Amino acid sequence: MSVRHERSRPVDRRVRVQGRPVNTYPALPPEVERGSVRRVTVVGEEILSHPCREVSEFGTPELSALIDDMFLTMYVADGAGLAANQVGVDLRLFVYDCPDDYGIRHVGHIINPVLVLPDPGSRRLIDDFEGCLSVPGAGMAVPRTDRAVARGLDKDGNPLVIEGTGYFARCLQHETDHLFGHTYLDRLSKRDRKDALRQMADRREDVFAQRATKAASLAAARTR
């Protein structure tokens, strides 16, 4: 999911890491320093159009390395969230570094998430801008609920409950959609979908160039 900047309100502004507030946290998550950049899949590739497999093995070096790589790839692509199938891996996992509507930063990963939305009677749908790293250069308004809860596991198999409001709730819904083989394009009218694909065709090469530049800059900084 693409980054968006949010307005701030006078509330507890501590960063939430894996759903819990922390007093200090670096601008770049520690995973970024350990990761390697992976190619981001693009809409139309088969892996984005079918449900991902549940993760069954936890606490492995391979799972930790995948999460590290996903964080770095998300950062290089200026994303707020990234699902495993967006780096070509068929597993139910996503990472995020996303603000909510109060300006609170939420950082973490979640495995095998189950999304819980408000009951229809108390549900409030918000039409707001949404982008996707797998639909490079495009953005459209998409209706989403203003609250969401994701229940799942961390990389060691410990239970997680991640609550989101506003833009972060949108992020949780967007990334969970990916794990079921959907992109935000599937929630658009036929006309709006065509518009988004036209945007992508016009802008994707510029987006790819920006990502390559950022990756090269980061690589150079690491060697200093």
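## Salt bridges

The structure holds 15 salt bridges, and because the model is a predicted one, side-chain atom pairs count only at pLDDT 80 or more. One of these pairs joins Arg39 to Glu45, with the closest N and O atoms 2.8 Å apart. Arg39 is exposed, at a relative accessible area of 54%, whereas Glu45 is partly exposed, at 25%.

Another salt bridge is formed by Arg53 and Asp90, whose closest N and O atoms are 3.6 Å apart. Arg53 belongs to the loop between helix H1 (30-34) and H2, while Asp90 belongs to the loop between S3 and S4, so this pair ties together parts that are 37 residues apart in sequence. Both partners fall in the partly exposed class, Arg53 with a relative accessibility of 49% and Asp90 with one of 22%.

## A buried pair and its network

Arg144 and Glu130 meet through their side chains in a salt bridge with an N to O distance of 2.7 Å. Since Arg144 lies in strand S7 (residues 139-145) and Glu130 in strand S6 (residues 125-131), the pair ties together parts that are 14 residues apart in sequence. Are these two residues, Arg144 and Glu130, buried or exposed? Both of them are buried, a class that requires a relative accessible area under 20%.

The pair also takes part in a wider arrangement, in which Glu130 and Arg144 are linked with Arg170, Asp177 and Arg187 in a network of salt bridges.

## Strand S5 and its partners

Strand S5 spans residues 105-116 and is mostly covered, with nine of its twelve residues buried. Which strands pair with S5, and in what sense? With S1, strand S5 pairs in the parallel sense over two bridges, and Val17 has Val107 as its bridge partner in S5. With strand S4 (residues 93-99), the pairing is antiparallel and runs over seven bridges; here Pro99 has Arg105 of S5 as its bridge partner. With strand S8 (residues 147-153), S5 again pairs in the antiparallel sense, over four bridges, and Ile111 stands opposite Leu153 of S8.

The connection between S4 and S5 can also be described, for these two strands form a hairpin with five residues between them. Within the turn of that hairpin, Gly103 has a positive phi of about 80°.

## Positive phi outside glycine

Most residues other than glycine have a negative phi. Two residues of this model can be set against that background, the first topic being Gln18, where phi is near 55° and thus positive in a residue other than glycine. Gln18 sits in the loop between strand S1 (15-17) and strand S2 (20-22), and with a relative accessible area of 19% Gln18 is buried, the cut-off for that class being under 20%.

For Asp78, too, phi is near 55°, a positive value in a residue other than glycine. The loop that holds Asp78 runs between helix H2 (61-76) and strand S3 (81-83), and Asp78 is partly exposed, with a relative accessible area of 44%.

## Helix H4 and a surface patch

Lys190, Arg191, Lys194 and Arg198 gather on the surface in a patch of positive charge. One of these residues, Arg198, lies in helix H4, which covers residues 190-223.

Gln210 lies in helix H4 as well, and at a relative accessible area of 53% Gln210 is exposed. What separation do the C-alpha atoms of Gln210 and Val76 have, given that these residues are 134 residues apart along the chain? The two C-alpha atoms are separated by 8.8 Å.

## A glycine between H1 and H2

Gly35 is found in the loop between H1 and H2, and this glycine is buried, with a relative accessible area of 2%. The C-alpha atoms of Gly35 and Phe71 are separated by 7.1 Å, although the two residues lie 36 residues apart along the chain. The loop between H1 and H2 that holds Gly35 is also the place of Arg53, which is partly exposed at 49% relative accessibility.

Key:
Residues are numbered from 1 along each chain as its sequence is written. This is a predicted model: local features need pLDDT of at least 70, side-chain atom pairs count only at pLDDT 80 or more; totals for chains, interfaces and linings use all residues. Side-chain values use heavy atoms; hydrogens and water are left out. Buried means under 20% relative accessible area, exposed over 50%, partly exposed in between (1.4 Å probe, protein chains only). Two strands pair if DSSP finds at least two bridges between them. A salt bridge is a side-chain nitrogen of Lys or Arg within 4 Å of a carboxyl oxygen of Asp or Glu. Patches are made of residues with over 30% relative accessible area and no salt bridge: like charges are joined within 9 Å, nonpolar side chains (Val, Leu, Ile, Met, Phe, Trp, Tyr) within 5 Å. Accessible areas come from the Shrake-Rupley method with a 1.4 Å probe; for residues, only the protein chains shown count as cover. Lys and Arg count as positive and Asp and Glu as negative; His and the chain ends are not counted. The place of a charge is taken as NZ of Lys, CZ of Arg, CG of Asp or CD of Glu.
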